[in-house]
Amino acid sequence: MSDLPFTLDQLRILKAIAAEGSFKRAADSLYVSQPAVSLQVQNLERQLDVPLFDRGGRRAQLTEAGHLLLSYGDRILTLCQETCRAIEDLQNLQGGTLIVGASQTTGTYLLPRMIGLFRQRYSDVAVQLHVHSTRRTAWSVANGQIDLAIIGGEVPPELQESLEIIPYAEDELALILPVDHPLARSSAIQKDDLYKLNFIALDSQSTIRKVIDQVLTRCGIETRRLKIEMELNSIEAIKNAVQAGLGAAFVSISAIEKELQMGVLHRAGVEDVVVTRMLSVIINPNRYRSKAAEAFTQEILPQFATHIPAADRTAIVHEVLDSRPLEPTSSHSAGS
């Protein structure tokens with residue numbers, strides 16, 4: 001066919017309806033009227049000569065043809081975004097966008113500091129931080145929606161071949177106690193003392209809780225013997241509960257730096273046990289790498305890899321940069 005039977009605006013509308021579940025909410029999210037959305041869908045269906053939505057139910061349901069068009073439409077829109085960002089890069093970091101992803105703890109406590117430092121150097125670059133589960137973050141990197149991400153969990157097996165997974169830094173999971181807890185007077189507690197404590201933890205189905213349990217198990221701690229006094233849905237709630245004397249918890253050391261400085265939490269050592277997990281940088285080597293992403297990789301990542309020797313930090317930078325895609329070649333030459 002000589003003319004495309006759809007426009008980019010129509011693909012954006014289709015994507016919005018699928019995400020929002022209704023024509024009205026899609027119209028609101030796009031700041032257009034509902035009749036305008038309905039008209040665009042009608043035109044699109046007429047041009048393609050297939051129905052894209054099953055209009056029998058209360059929620060807008062895609063037909064098989066609708067799902068097929070949405071799948072290709074996502075890829076088309078992502079490629080359009082990459083094209084715009086590649087053109088923006090020609091301005092030599094006098095604009096453009098950096099999109100960074102992170103899993104929950106890393107995104108809450110580590111990435112804001114990294115982004116703050118980056119913004120001090122490149123104030124004209126817009127930065128977006130997407131904080132989600134490791135699984136969702138990994139899929140966003142794979143789909144080209146995120147430039148790079150720092151995660152603390154396992155990348156889904158189905159993505160491990162397509163993503164570059166680079167060990168970045170060790171993150172210690174510290175045992176925290178109320179400052180007036182009897183064990184807070186000890187320089188280090190015994191492993192068996194853990195089974196006498198009342199613990200506060202995240203929900204057992206949360207990704208972070210599963211990661212912590214896996215790490216504790218690798219350190220010889222029987223997690224099933226730990227007494228879970230209560231389950232809360234955020235690290236901040238857990239820290240406040242420990243501070244209030246309700247129990248103990250294992251949390252990332254990056255999450256308690258302020259509280260330790262203020263002296264409102266006690267970090268307890270466990271004899272012969274150091275509980276750490278590896279943070280990883282993930283990238284898609286087949287996607288375009290913007291100048292902003294390369295600047296972040298070269299200048300910011302090494303400064304926060306605090307548990308890795310300087311030589312290895314340099315190696316991390318080279319490994320990320322060496323994973324840049326082969327195309328578009330003109331963009332690479334501009335960024336080198």
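The protein chain exposes about 17,500 Å² of surface, and carbon and sulfur atoms supply 49% of it; such accessible areas come from the Shrake-Rupley method with a 1.4 Å probe, and for residues only the protein chains shown count as cover. This is a predicted model, in which local features need pLDDT of at least 70 and side-chain atom pairs count only at pLDDT 80 or more, while totals for chains, interfaces and linings use all residues. Residues are numbered from 1 along each chain as its sequence is written, and side-chain values use heavy atoms, with hydrogens and water left out.

## The chain as a whole

There are 13 helices and 12 strands in the protein chain, where helices (H or I, at least four residues) and strands (E, at least two) are DSSP runs numbered from the N terminus. Of the 336 residues, 47% count as buried; here buried means under 20% relative accessible area, exposed means over 50%, and partly exposed lies in between, with a 1.4 Å probe and protein chains only. Among contacts (heavy atoms within 4.5 Å) between residues at least 6 apart in sequence, 74% join residues at least 24 apart.

One buried position is A138 in helix α7, which covers residues 134–142, and A138 has a relative accessible area of 0%. Leaving aside neighbours within four places in sequence, A138 is in contact with V155, P156, L159, L163 and I282. A138 and V155 are 17 residues apart in sequence, and their C-alpha atoms are 6.4 Å apart in space.

## Aromatic rings

A pair of aromatic rings is described by the distance of the centres and the angle of the planes. Rings of Phe, Tyr and Trp (its six-membered ring) pair if their centres lie within 6.5 Å, and planes under 30 degrees apart count as stacked, over 60 as edge-to-face and the rest as tilted. A search of the whole structure finds 4 aromatic pairs. In one of them, the rings of F118 and F296 have their centres 5.7 Å apart and their planes at 65°, so this pair is edge-to-face. The pair links distant parts of the chain, since F118 belongs to helix α6 (residues 111–121) and F296 to helix α11 (residues 291–304), 178 residues apart. Both F118 and F296 are buried, and ring pairs link F118, Y122 and F296 into a cluster.

Another pair joins F199 and F250, which are stacked, with 5.8 Å from centre to centre and 5° between the planes. This pair also links distant parts of the chain, with F199 in strand β8 (residues 198–202) and F250 in strand β10 (residues 249–252), 51 residues apart. F199 and F250 are both buried.

A ring can also lie beneath a charge: the charged end of R225 sits over the ring of Y195, 3.8 Å from its centre, the rule being that NZ of Lys or CZ of Arg is within 6 Å of the ring centre and within 35 degrees of the ring normal.

## Salt bridges

A search of the whole structure finds 16 salt bridges, each a side-chain nitrogen of Lys or Arg within 4 Å of a carboxyl oxygen of Asp or Glu. The table lists some of them.

| Residues | N to O distance |
|---|---|
| E299 and R121 | 3.1 Å |
| R267 and E172 | 2.7 Å |
| K239 and E236 | 2.8 Å |

The bridge between E299 and R121 links distant parts of the chain, with E299 in helix α11 and R121 in helix α6, 178 residues apart. E299 is partly exposed at 25% relative accessibility, and R121 is partly exposed at 40%.

The bridge between R267 and E172 likewise links distant parts of the chain, with R267 in strand β11 (residues 266–270) and E172 in strand β6 (residues 164–177), 95 residues apart. R267 is partly exposed at 37%, and E172 is partly exposed at 21%.

K239 and E236, by contrast, both lie in helix α9 (residues 235–243), 3 residues apart, which is about one turn of the helix. K239 counts as buried at 3% relative accessibility, whereas E236 counts as partly exposed at 36%. Elsewhere, R209, D213 and E231 are linked in a network of salt bridges.

## Two loop residues with positive phi

Most residues other than glycine have a negative phi. D49, although not a glycine, has a positive phi of about 65°; D49 is found in the loop between α3 (34–48) and β1 (53–54) and is exposed at 67% relative accessibility. For D272, also a residue other than glycine, phi is positive and near 65°. D272 lies in the loop between β11 and β12 (276–283), and counts as exposed at 77% relative accessibility.
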